[in-house]
Amino acid sequence: MGGTLTALLVALTQIVVTGLPVALLLHRRSAPTRGGLLGLSFLLGAGVVSMILLFLSMAGVPWARVTVTVAVLVMAVVLWVAAAKFAAFGATPSGYTWLDLPTLALLGMHAFLVARQSVGEWDFWAIWGLKGRVFYEHGAIDWAFLSDPVHAYQHPDYPPLLPLQYVFTAVHGGGWSDRWLGLITTFFAVAVTLVVREALGRALPRWVAALGTLAVAGVAATHWVGMAEAPMIAFGGAGLLSVREGKLPLGAVLLGLAACAKNEGLALIVAAGLALVCMGRVRDAFRLWPAALVVAPWLALRALHRLPGDFLMRSFDLERVRLVLDTIVHKPPERPLLWVGLAEVFVVFAGSLRRESFLLLATLFQVLFYVGAYLVTRYDVAWHIVYSWPRLLDQVAVPLVFVAAVMAGQAMVRNVPADVSPAPPVK
Amino acid sequence: MYGNRRPWLAALVFGVVVFGALDPLPMGRISSYARPDWRVPAYPQFLTEVAARTPPGATVVLAVPIGDGEHGYDTYAFFRATYLLAGRRVIPLMDPDGRVHPERLHHRSNFIAAWRTPLPPGAFEPIWQGHGGTLSWGAP
């Protein structure tokens, strides 16, 4: 049991060490904080590791401790050499305050609750953990398993980033064990919380930034343990915030990784692009191309193996629209007070919403995509909404809480720090 | 930037957001949500024993009585077996619609994992019994 925790920590270390040079390269035009850099290192490292495993599988190299470690080591050396040549090393202090302690306690509580038992979510057993275990036992992506209609319940078209994190841990542990894998959910929550803390720290005084971060951590520390909600929240939230701050290559890569974690990430790339277009930033929308590049290998493999998806071509049906909207209205969110609070903020600051139009428009488009997906789902609509709507709301909550914190926080205090407001359009 | 609003009003709505995000109910579900193993603890134990007694690459025909519905054959019983028997090919004796495929019992390479289910007539050689189930060779 202790061995599998050791394997998880070894995997975590390799992920962060591999992701750090990527974070330095993509973050090189701004001054990252140590905390933000650590969060990005985990997110980007998780992406690099999943790509390595995917390409080893495509190349026919079986996943084993030696092959995977050597591949990760070689990639890390290449990335560190590139970072030494092109990136500016160094990070500013994170500027934490004692008011960040509740956030630390909340994330610690999440880790404690998760670590008390093996992962036991239905969707971990039926989808995310199942794929990880099957792939690990197979030593590669098991296309025959994914294509087998007997196993259609595992959603063969769902992207593999999270199962590959489980594989990476199992490879280091020398065997499959789901005892500690739930902590990967906590790691993603910690990572996005660090990224948000950095962004709020630039826009708000430290104590307000700490409180806003606490709210974000409450959402990011999801109870959907072992499922792809946590990486989707983390990659999507960090990606949108990066685009908001004008860090387009970093934001695009993170959005691409969101699409490697959940299919909703594909919609989020389009939503972000549409938001930029609506703001008149058409060139910036096209500068999100790295997102497509990141997810392209998986999409190509998915098409090559003809993995079926969850959606059907349907003609427009007004009755179905009514059913979808009616079911959504009658399915309350999991944190009703949070959504009441967000609505209040947006009403109170209705006249200032344009300043955060990117995050708000991207979120709006994403929610519209969710509703559109329900219109073409192959499943029973009511069932699909009841079991997925709360999770989908969690996915878009981080950018909304961020906007609420910035708007309300800046109104609460007089001495707002030097502005790091949304990036201006590229001329 | 947003300072044209009254600070107390901003603090109030911000406080609602923070308290709303810290709703303890969702995180409290981590310990209790979706643990179907608790309903039938012998089933995963049986499958774990089957995994220990079947080689990687084997085909295991699964016969279980758990019926249809939300926690039924086509969901929990089958995907739990697929998870715990990963590395082997798990095929159900019956389809989700209840149609039985007896021909799947009679392949020489097959194992039959029958849990709380009597096997159809035939000389199936038992390999192991326990936790309410029997592991047998498929070929009579």
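Just after helix α10 of chain A, residue A:G246 takes a positive phi of about 85°. This value, like the others here, comes from a predicted model. The helix before A:G246 runs over residues 229-244 of chain A. With 16 residues at 1.5 Å each, α10(A) should span 22 Å, and its end C-alpha atoms are indeed 22 Å apart, so the expected and modelled spans agree. α10(A) is also mostly covered, since 16 of its 16 residues are buried.

From this helix the reader can turn to the nonpolar interior. The largest nonpolar core holds 183 residues. Those with the most contacts inside this core are A:L43, A:V192, A:A272, A:V401 and A:F402, together with B:V17 from chain B. Helix α18 of chain A, residues 381-412, gives the most to the core, with 17 residues.

A:V401 shows how the two chains meet in this core. Apart from neighbours within four places in sequence, A:V401 is in contact with A:A215, A:V216 and A:V219 of chain A. On the chain B side, A:V401 is in contact with B:V17 and B:A21.

The contact between the chains can also be taken as a whole. On one side stand 35 residues of chain B, in contact with 49 residues of chain A. Three helices of chain B, α1 (7-21), α2 (24-28) and α4 (73-84), each supply at least two residues of the side that touches chain A. The largest share of that side, 12 residues, comes from α1(B). By type, the residues of chain B that touch chain A divide into 24 nonpolar, five polar and six charged.

Note on methods
Residues numbered from 1 in each chain as written. Chains lettered and ligands numbered in written order. Predicted model: local features only at pLDDT ≥ 70, side-chain atom pairs only at ≥ 80, totals over all residues. Contact = placed C-beta atoms within 7 Å. Helix = DSSP H or I, 4+ residues; strand = E, 2+ residues; numbered from the N terminus. Nonpolar A, V, L, I, M, F, W, Y, C, P; charged D, E, K, R; others polar. Core = buried A, V, L, I, M, F, W, Y, C linked by C-beta atoms within 7 Å. Buried ≥ 20, exposed ≤ 12 C-beta atoms within 10 Å, placed from the backbone. Expected span 1.5 Å × (residues − 1).
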